[in-house]
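User: I would like to go through this model step by step, with the reasoning spelled out for each answer. Please start with the term that the strand pairing depends on.

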Amino acid sequence: MFSDRLAEIQKNIDASLKKAGRSDKVDVVAVSKYYPADAIKDAYEQGHRVFGESRVQDANEKVEILKDLTELEFHFIGHLQTNKVKYLGSNFSLIHSVDSERLAEELDKYFGKIGRIQDILVQVNIADDPDKSGVSGDGAEALCDRISQMPNLRIRGLMMIPPLTDEEEKNRKYFAAMKELFDRLSVGKEYAMEILSMGMSDDYTIAVEEGSTMVRIGTALFSGR
């Protein structure tokens, strides 16, 4: 059952928090992008509320099907093209993947038109991986400063996706570098860095040990891998 798998993941998160000497909590986003609305409804009925989607049209269809689930919350976690911004509506409580000033400007313009202040994370490509989206580590502060001046966007924190590897431990240094950047941008800024979204099914325990406050879990939750 979904709830059993979630409990196991939470147990692992708690162990990682203890290992790191942390007393805070880590939020779990159930990545539902490959799963139908029925799977989300089943997970919702077992007590989970926050789900991650990466394709705007598919997500909007699920939102419509599940509109009677009043506490359901969707995050947009995938790469977002500027020509898809106009389809976002008010369907996402958090957008994880703002990776450029151009995209931020389109989002600010769109949400201004519909009268919404949208919570976002800035995606950072801390490893300079050519296969990943995101602003460089060196450019993150300037992008965050620029977005903080956009009236219809509210920066809540940072997100990262590490390089693909067969040995997750190799990416620990990137998680650690993200935490260092997160901490640096949390001081003396007019925006509040509250969320550090990093860690997925294969590496979330390492990410939590290095400071993640939000993990994105798909396979391990929905198929039990």
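Analyst: Two strands are said to pair if DSSP finds at least two bridges between them. The model discussed here is a predicted one.

User: Which residue in E2 is the bridge partner of Val31?

Analyst: Strand E1, residues 27-31, runs parallel to E2, and two bridges join them. Given that at least two bridges are required for pairing, these strands qualify, and the partner of Val31 in E2 is Gly52.

User: What is the handedness of the β-α-β unit made by E1, helix H2 and E2, and what is the handedness of the crossover from E2 to E3?

Analyst: The unit that E1 and E2 make with helix H2, residues 37-45, is right-handed. E2 also pairs with strand E3, residues 73-76, in the parallel sense over four bridges, and Val50 stands opposite Glu73 of E3. The chain passes from E2 to E3 through H3, and this β-α-β crossover is right-handed.

User: Which residues of strand E2 point the other way from Val50 and Gly52?

Analyst: In a regular strand the side chains alternate between the two faces of the sheet. Strand E2 covers residues 50-53, and its residues are all buried, with Val50 and Gly52 pointing one way; those pointing the other way are Phe51 and Glu53.

User: Is Lys62 buried or exposed, and which residue offers the backbone oxygen that its side chain reaches?

Analyst: Lys62 sits in helix H3, residues 56-65, and because its relative accessible area is 8% it counts as buried. Leaving aside neighbours within four places in sequence, Lys62 is in contact with Ser32, Lys33, Tyr35, Ala37, Ile40, Glu53 and Phe74. The side chain of Lys62 reaches a backbone oxygen at 2.7 Å, and that oxygen belongs to Tyr35.

User: How many residues does the largest nonpolar core have, and which helix gives the largest share of this core?

Analyst: This core has 65 residues, and those with the most contacts inside it are Leu88, Ile95, Leu107, Ile147 and Leu158. The largest share of the core amounts to six residues, and it comes from helix H6, residues 172-185.

User: What does Ile95 touch beyond four places in sequence, and how many residues does the other core have?

Analyst: Not counting residues up to four places away, Ile95 touches Phe76, Leu80, Leu88, Leu107, Phe111, Gln118, Asp119, Ile120 and Leu121. Apart from the largest core lies another, which includes Val50, Leu94, Met159 and Met214, and its number of residues is seven.

User: What is the relative accessible area of Met159?

Analyst: Met159 is placed in strand E7. Leaving aside neighbours within four places in sequence, its contacts include Ile77, His96, Leu121, Val124, Met178 and Arg216. Met159 counts as buried because its relative accessible area is 0%.

User: Where is Asn152 found, and what is its relative accessibility?

Analyst: Asn152 is found in the loop between helix H5, residues 140-147, and strand E7, residues 153-159. Beyond four places in sequence, Asn152 is in contact with Asp108, Phe111, Gly112, Arg116, Ile117 and Gln118. Asn152 counts as buried because its relative accessibility is 16%.

User: What is phi of Asp128, and is Asp128 buried or exposed?

Analyst: Most residues other than glycine have a negative phi. Asp128, in the loop between strand E5, residues 118-125, and strand E6, residues 135-136, has a positive value, near 50 degrees. At 57% relative accessibility, and with the cut-off for this class being over 50%, Asp128 is exposed.

User: Why does the salt bridge of Arg172 and Glu209 tie together separate parts of the chain, and which residues form the network that holds both?

Analyst: Side chains of opposite charge can pair when their charged atoms come close. In the pair of Arg172 and Glu209, the closest N and O atoms are 2.9 Å apart. Arg172 lies in helix H6 and Glu209 in helix H7, residues 204-209, so the pair ties together parts that are 37 residues apart in sequence. The network of salt bridges links Lys19, Glu169, Arg172, Glu209 and Glu210.

Conventions: Residues numbered from 1 in each chain as written. Predicted model: local features only at pLDDT ≥ 70, side-chain atom pairs only at ≥ 80, totals over all residues. Heavy atoms only, no water. Core = buried A, V, L, I, M, F, W, Y, C linked by side-chain atoms within 4.5 Å. Buried < 20%, exposed > 50% of the residue type's maximum accessible area, 1.4 Å probe, protein only. Contact = heavy atoms within 4.5 Å. Polar contact = N/O pair within 3.5 Å; in protein donor to acceptor, adjacent residues only side chain to side chain. Salt bridge = Lys/Arg side-chain N within 4 Å of Asp/Glu carboxyl O. Right-handed = clockwise from strand over helix to strand, strands pointing away.
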